[in-house]
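Biologist: I have a model open on my screen and would like to learn how to read it. Could you take me through it one feature at a time?

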Amino acid sequence: MTKLSVNINKIATLRNSRGGDVPNVVQFAKDVQRFGAEGVTVHPRPDERHIKYQDTRDLKPEVYTEFNVEGNPIKSFMDLVLEVKPTQVTLVPDAVDALTSDAGWDTVKNKEFLTGVISEFKSNGIRTSIFVDPVLKMIEGAKATGTDRIELYTESYAHQYGLGNQSAIEPFTKAAELANEIGLGVNAGHDLSLKNIKFFKDNIPGLLEVSIGHALVAESLYLGIENVVQMYLHKLK
């Protein structure tokens, strides 16, 4: 079964909009694990507009499933990850002012840089994943960096699937097939939802993990977080 990691950035966004500590991100992480989620994801950005660096530290002792920390490997982020030592670090090429992640790495152009970063994390016992577009050249480039996994950037699939274009899955299937062949684990994330997750999972061989935040939190406003977590787990079987 594909693992569900819940990205809790949106909970931090809600908290930060009023100050204080409501909703409490640590309690939310504990709750989604209690409801069945197999991982917790955070994406601290330099401006700390949602998850703060201290949140990441506070979450570490409370995440007993997989802890996935995403971000651009600038020095402050790398220092945080090496301090916290999560289960997995997912490298994302965010611009400082990016609203959300909007592109995967050029793993060919950035091979030397990524290889050095990945070596540092792996020497500290942290599993590594690179955020990539479903482009075969980039999958091959990811392999050359020494990463353990890739995370397929799924925005284009989600958008086209919402328009009724099921063929949008094809480049993702081919990317996953290649990753399986060359020994890379496959994760996925971005704009996946209850509407499109089952079709995606059914067509991606060897899908190990999905990271879902915005849609899951939005769906929970109507259906309740415990119910929504269970609905995702059912679709990911």
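Modeller: Gladly! Keep in mind that this is a predicted model. Let's start with one residue: Thr128 counts as buried because its relative accessibility is 0%, and buried means under 20%.

Biologist: Where does Thr128 lie, and which residues does Thr128 touch beyond those up to four places away in sequence?

Modeller: Thr128 belongs to strand 5, residues 127-132. Not counting residues up to four places away in sequence, Thr128 touches Val89, Ile118, Phe121 and Lys122, and also Gly146, Thr147, Asp148 and Arg149.

Biologist: And Asp191: what does its relative accessibility make it count as?

Modeller: Between under 20% for buried and over 50% for exposed comes partly exposed. Asp191 has 41% relative accessibility, so it counts as partly exposed. You will find Asp191 in the loop between strand 7 (185-189) and helix 9 (197-202).

Biologist: Which residues is Asp191 in contact with, leaving aside neighbours within four places in sequence?

Modeller: Those contacts are Glu155, Ala158 and Asn196. For a sense of distance, take Arg127, 64 residues from Asp191 along the chain: their C-alpha atoms are separated by 24 Å.

Biologist: Now the interior. Which residues touch the most other members of the largest nonpolar core?

Modeller: A nonpolar core is a set of buried residues such as Val, Leu and Ile joined through side-chain atoms. The largest one here has 70 residues, and Leu4 and Ile8 touch the most other members. Helix 4 (residues 75-84) gives the most to this core, namely six residues.

Biologist: Which residues does Ile8 contact, apart from neighbours within four places in sequence?

Modeller: Ile8 is in contact with Val25, Phe28, Ala29, Val40, Thr41, Val42, Ile51 and Leu59.

Biologist: Let me zoom out. How many helices and strands does the chain have?

Modeller: There are 11 helices and eight strands. Of the 237 residues, 52% count as buried.

Biologist: How do I read the radius of gyration?

Modeller: Set it against the value for a compact globule. With 237 residues that would be near 18 Å, and the chain has 17 Å, which agrees. Along the principal axes, the C-alpha atoms fill a box of roughly 45 × 40 × 30 Å.

Biologist: What about contacts along the sequence, and the surface?

Modeller: Look at contacts between residues at least 6 apart in sequence: 66% of them join residues at least 24 apart. The accessible surface comes to about 10,500 Å², with 53% belonging to carbon and sulfur atoms.

Biologist: And how far apart are the mean positions of the positive and negative charges?

Modeller: For the 26 positive and 31 negative charges, the mean positions are 3 Å apart.

How values were computed. Residues numbered from 1 in each chain as written. Predicted model: local features only at pLDDT ≥ 70, side-chain atom pairs only at ≥ 80, totals over all residues. Heavy atoms only, no water. Helix = DSSP H or I, 4+ residues; strand = E, 2+ residues; numbered from the N terminus. Rg over C-alpha atoms; globule rule 2.2 N^0.38 Å. Buried < 20%, exposed > 50% of the residue type's maximum accessible area, 1.4 Å probe, protein only. Contact = heavy atoms within 4.5 Å. Areas by Shrake-Rupley, 256 points an atom, 1.4 Å probe, with all protein chains shown as cover. Lys, Arg positive; Asp, Glu negative; His and termini not counted. Charge placed at Lys NZ, Arg CZ, Asp CG, Glu CD. Core = buried A, V, L, I, M, F, W, Y, C linked by side-chain atoms within 4.5 Å.
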